[in-house]
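User: Hey, can you walk me through this protein? I'm new to reading structures, so plain words please.

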Amino acid sequence: MTSIKSEIANNLQYIHQEQFSNKQYTALAAKLDKHLSFIFKNCKLPPLADAQLHTLLTKIIQGADKIKHSTQKKQGAVLIIQALHDYPVFFEDPDWQNIVH
């Protein structure tokens, strides 16, 4: 999740300022897909925690799909930010800091 958060945070200023091109959104979506694949392949959690994680990942996937397939790509980034903001609701991670925007 930290890698997904970093991808969004590193580009957030440009996304907010409408200075993010379609090519940049495509590259971002590819990176997000790579991080999601890694999580699905490697994350081993107890059933309840896994279900909670999947709730967050579903929203991130929806955001990534919106980035890839919609004319409202910025809204995809917003969905991902919302999912990342919900992360500490489900998981105790003392190092986690929400994206400030």
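User: Let's start with helix 1 and helix 4. How do they sit relative to each other, parallel, antiparallel, perpendicular or oblique?
Analyst: Helix 1 and helix 4 are oblique to each other. One thing to keep in mind throughout is that this is a predicted model.

User: What angle is that, and how far apart are the axes?
Analyst: The packing angle of helix 1 and helix 4 is about 135°, and their axes are 11 Å apart. That angle is not over 145, where roughly antiparallel begins, and it is outside 65 to 115, so it ends up as oblique.

User: Why do you give me both an angle and a distance?
Analyst: Because two packed helices are described by the angle between their axes and the distance between the axes.

User: Ok. Is the crossing of helix 1 and helix 4 left-handed or right-handed?
Analyst: Left-handed, as helix 1 passes helix 4.

User: Which residues meet there?
Analyst: From helix 1 you have Ile4, Lys5, Ile8, Leu12, Ile15 and His16. On the other side, helix 4 brings Lys74, Ala77, Ile80, Ile81 and Leu84. Sorted by class, this contact has 8 nonpolar, 1 polar and 2 charged residues.

User: Now helix 1 and helix 2. What's their angle?
Analyst: About 165°, with the axes of helix 1 and helix 2 9 Å apart. Helix 1 covers residues 2-16 and helix 2 covers residues 22-42.

User: And what do we call that arrangement, roughly parallel or roughly antiparallel?
Analyst: Roughly antiparallel. The angle is about 165°, and angles over 145 count as roughly antiparallel, so that label fits. The crossing of helix 1 and helix 2 is left-handed.

User: Who's touching whom between helix 1 and helix 2?
Analyst: Helix 1 contributes Ser3, Ile4, Glu7, Ile8, Asn11 and Ile15. They meet Tyr25, Leu28, Lys31, Leu32, His35, Leu36 and Ile39 from helix 2. By class, that contact splits into 8 nonpolar, 3 polar and 2 charged residues.

User: I noticed Asn11 in there. Is Asn11 buried or exposed?
Analyst: Asn11, which is found in helix 1, counts as buried because its relative accessibility is 18%, and the cut-off for buried is under 20%.

User: What does Asn11 touch, apart from its sequence neighbours?
Analyst: Leaving out neighbours within four places in sequence, Asn11 is in contact with Phe20 and Leu28.

User: What about the loop after helix 1? Which residue should I look at between helix 1 and helix 2?
Analyst: Try Glu18, which lies in that loop. Glu18 has a positive phi of about 55°, even though it is not a glycine.

User: Why point that out?
Analyst: Because most residues other than glycine have a negative phi.

User: Is Glu18 buried or exposed?
Analyst: Exposed, with a relative accessible area of 59%.

User: Changing topic: how many helices and strands are there?
Analyst: The protein has 4 helices and 0 strands. Going from the N terminus, the order is α-α-α-α. Its radius of gyration is 13 Å, close to the 13 Å the globule rule gives for 101 residues, so the protein is as compact as a globular protein of that length.

User: What box do the C-alpha atoms fill?
Analyst: Roughly 40 × 25 × 15 Å, taken along the principal axes.

User: And how much of the protein is buried?
Analyst: Buried residues are 35% of the 101 residues.

User: Where is Lys68, and what does Lys68 touch?
Analyst: Lys68 is in helix 3, which covers residues 47-69. Not counting residues up to four places away in sequence, Lys68 touches Ala29, Asp33 and Lys73. With a relative accessible area of 35%, Lys68 is partly exposed. Its C-alpha atom is 9.2 Å from that of Leu28, and the two are 40 residues apart along the chain.

User: Helix 3 has Ala49 too. Is Ala49 buried or exposed?
Analyst: Ala49 in helix 3 counts as buried, at 17% relative accessibility. The C-alpha atoms of Ala49 and Gln17 are 36 Å apart, with their positions 32 residues apart along the chain.

User: Last one: what does Asp86 touch?
Analyst: Asp86 lies in helix 4, residues 73-90. Setting aside neighbours within four places in sequence, Asp86 is in contact with Leu56 and Lys59. At 28% relative accessibility, Asp86 counts as partly exposed.

Methods
Residues are numbered from 1 along each chain as its sequence is written. This is a predicted model: local features need pLDDT of at least 70, side-chain atom pairs count only at pLDDT 80 or more; totals for chains, interfaces and linings use all residues. Side-chain values use heavy atoms; hydrogens and water are left out. Axes are lines fitted to C-alpha atoms, for helices over the stretch in contact, and angles run from 0 to 180 degrees between N-to-C directions. Helices (H or I, at least four residues) and strands (E, at least two) are DSSP runs, numbered from the N terminus. Angles under 35 degrees count as roughly parallel, over 145 as roughly antiparallel, 65 to 115 as roughly perpendicular and the rest as oblique. A crossing is left-handed if the near helix is turned anticlockwise from the far one by less than a right angle, and right-handed if clockwise. Contact means heavy atoms within 4.5 Å. Ala, Val, Leu, Ile, Met, Phe, Trp, Tyr, Cys and Pro count as nonpolar, Asp, Glu, Lys and Arg as charged, and the others, Gly among them, as polar. Buried means under 20% relative accessible area, exposed over 50%, partly exposed in between (1.4 Å probe, protein chains only). The radius of gyration is taken over C-alpha atoms; the globule rule is 2.2 Å times the number of residues to the power 0.38.
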